[in-house]
Every structure is written in C-alpha cells, then in structure tokens.
Amino acid sequence: MSYLKPLFRHPKLPKNKLGYTLKEYEGSLSTLCAGCGHDSISAAIVQACFELSIEPHKVAKISGIGCSSKTPTYFLGNSHGFNSVHGRMPSVATGANMANKDMVYFGVSGDGDSASIGMGQLVHVIRRNLNMVYIVMNNGCYGLTKGQDSATADQGSKSKAGSINPFQAIDLASLAIELGASFVAQSFSGDKLQLVPLIKAALHHKGFAFLNVISPCVTFNNNPGSTKSYDYVREHIEATSSLDFVPEMPEIKTKYDEGKSTRVAMHDGTLIQLNKLANDWDPEDRISAVNALQQARSKNEILTGLLYVNTEWNDLHGTLNTHQTPLNKLKEEDLCPGDEALKEINDGFR
Ligand SMILES: Cc1ncc(C[n+]2csc(CCOP(=O)(O)OP(=O)(O)O)c2C)c(N)n1
Ligand code: SF4
C-alpha cells in the first residue's frame, strides 16, 4: 500500500483569497481505519482553514498520543506540528503560545488523552483561557490501545466484547463550562455542516475554544449497545441551533423568524449567526448552557452546536499583560536593558 498522495491538481480547483486550493491544507494520507470519525474531523479542519484563508505557516498543531493525536499528520501538511507525550499537549501548547502569540494554535486530543492521563493539564489550560482551539475527538474508548473504555464512556454503554460500563461518564463540555472556558461547543464527526462553521468560529475566538466532537471508533466501539456508535449518536443528537459563521459582515440574510435567531460578535468583528434557537437557552448565559446540557443528558440526548461563548474575558496574554511583540521576535536590546537600568532596579531594592 502506498501512503503517497498524488501531486496532480485539477487546474480548475477552487482557490481561496491566498490563491491556495484545498490541497494546500491537506496532510499525508491517513493510516486510520476506514470510516474512523477522526478522519471526518480532519477533513472539517481542512475545509475551515481553507475557507478562512488561513496561512498554513501561521498554524501550530499540537497533540498528545492516540489515534486522534495522530491526525495532525493528516491535515495542514504545510503547518508546524508537535506530537507530544500522552496527555501533555496543553503544557506544550501553553509554552509555544507564550513564546509566540501570533500563531493559530490547534490542540488535538482524544477522550483518553484529555479525560484521564491529561485531565490535570486540561483543567489548567481551561482556567488560564489560553488562546487556542482545543478539539477532543471523543469516541468513548482508547482506540489506539485496542478499545478499552475511557472516562467519557457512558454508564451502561456496552463494549464490543459485551461488558457493561459501570462508571459514570465525565461530561467534557459541562466540565469546560464549569471551569470557565470562554467558548464551548459540541458536535458530531458525521455532521460536517455543523462542524465546519463551529471550527471557523472557534478559530476567530480569542481565548480557549473547546470543541468536544463525538467521533465513533468503527473498530472497537461501533457495536449495538455502545452510546458512541454512529447509529446511537445519529438517533440521539439534538442541536441547540443551526449556525453560520460570517467572517466579513456583509448583509446577513436570515431564513428564520425574528426572535428565533441571534448573532454573537467576536473580538475581531466577525459574527456568529445562530438560527432556530432551542427554547430556554442563551449561548451567552453560562447557567442556561449548563442547564441545557443537564436536561439533554437526563433525556439521553447529545446536545450539539455552540453551547456557550463569552467574548469579554481576557485570554492568558491579556491577563498577564505580556509584551505585544512575540518573545521570539524580541531582540537582545529589548530583553537586556543594559547596566544603567539594572543598577537602577537594584538600587530600588536597597
Ligand atoms: C504515558 C503513557 N501511558 C499510556 C500510553 C498508552 N496509550 C497510548 S494511546 C492511549 C489512549 C488513547 O485513547 P484516546 O486518547 O481516547 O485516543 P484514541 O486512540 O481513542 O483516538 C494509551 C492509554 C502511552 N502511550 N503513554
Ligand atoms: S482504532 Fe478506532 S479510533 Fe483508532 S483509527 Fe481505528 S477506528 Fe479510529
């Protein structure tokens, strides 16, 4: 089997504002199992970055360990990538972001990577509101190590071998809202129409954008009785709204009734247009988002869409009041103020 992609490009492939085609945003040929949800999420990331005309060399993809964490190899092949240690992606992303705030940071993780070994790292990157997009490709199992239940496997869910999970699941979206994530969304790998605008909105959010994407593992967790199988998720999905991402603010032609749509303005003036809002839910009200998630859970439904957004909070650079120039662009004279200034500082402590 060859893992090389053909270099041929059809001359009429659509181009974005940078003159790039979708191909410039793709990566190597995937070695994941055919039908794995993770590949669909990679395709949605490619589509979102292409449509937003993001410069590939301005993106850093950072992951942990797992089938999900392998995916950065399969998208944005012209971007920077760092495949870190299991569960340690957040600290690597934090270090990179602190050194250079001018990049777009994509963190890719699995439910094993984030909800077990990496939980200690996840909670702190959330509370610090690091400016990044954090995607959990959530299949309820450890795919790479042959399908053991993960901490997001639902209580009562049946494994391929027939055993029933006795433990309560960690609900990552609720956890993220509780810990103060400023953008929280949930989606399904099989719903590209919803996932692409969500990724685009997350990319424009200044702060921690958390996306929990249910992504079935076709090899180890797609059996009847599993609550993360394609069939189960399709039957139990409930969208909060349908979503458009509006990058440049042309006139918005809404197809829906007044009072049934709302717009959220992002830091950079772009807009998220939410149509057909679910009753009793406001994406800018934390309590409302938590309630909606809990209610869906009590009915065994999976609530998808943009669950919560707050564009007011400072990201980590804002909180720490860091220098406008990225660290890696500061010169020696910026960093070393000289003998005189040092003497003055030292005298100030005498
Ligand atoms: C420190 C450490 N412990 C355990 C492992 C073994 N291991 C590799 S991937 C993985 C879990 C992967 O599950 P998940 O993050 O959900 O990703 P998936 O493969 O399901 O996409 C484990 C336990 C490891 N690589 N390193
Ligand atoms: S084992 Fe599961 S998660 Fe891993 S590539 Fe195959 S289908 Fe995807």
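A salt bridge here is a side-chain nitrogen of Lys or Arg within 4 Å of a carboxyl oxygen of Asp or Glu. We're working on a predicted model, where local features need pLDDT of at least 70, side-chain atom pairs count only at pLDDT 80 or more, and totals for chains, interfaces and linings use all residues. Residues are numbered from 1 along each chain as its sequence is written, and side-chain values use heavy atoms, with hydrogens and water left out.

**Exercise 1.** Find out which residues are joined with K343 into one network by salt bridges that share partners.

*Solution.*
- Step 1: start at K343, whose side chain meets that of D347 in a salt bridge at 3.2 Å, N to O.
- Step 2: K343 and D347 sit four residues apart in helix α12 (residues 339-348), so about one helical turn separates them. Helices (H or I, at least four residues) and strands (E, at least two) are DSSP runs, numbered from the N terminus.
- Step 3: D347 also forms a salt bridge with R350, with the closest N and O atoms 2.5 Å apart.
- Step 4: put it together, and K343, D347 and R350 make one network through shared partners.

**Exercise 2.** Decide whether R350 and D347 are buried, partly exposed or exposed.

*Solution.*
- Step 1: grab the cut-offs: buried means under 20% relative accessible area, exposed over 50%, partly exposed in between (1.4 Å probe, protein chains only).
- Step 2: R350 has 76% relative accessibility, so R350 counts as exposed.
- Step 3: D347 has 33%, so D347 is partly exposed.

**Exercise 3.** Work out which parts the R297 and D171 pair ties together.

*Solution.*
- Step 1: R297 and D171 form a salt bridge, their closest N and O atoms being 4.0 Å apart.
- Step 2: R297 lies in helix α9 (residues 286-298) and D171 in the loop between β6 (148-149) and α6 (172-178), so the pair links parts 126 residues apart in sequence.

Note on methods: Chains are lettered from A and ligands numbered from 1 in the order in which they are written.
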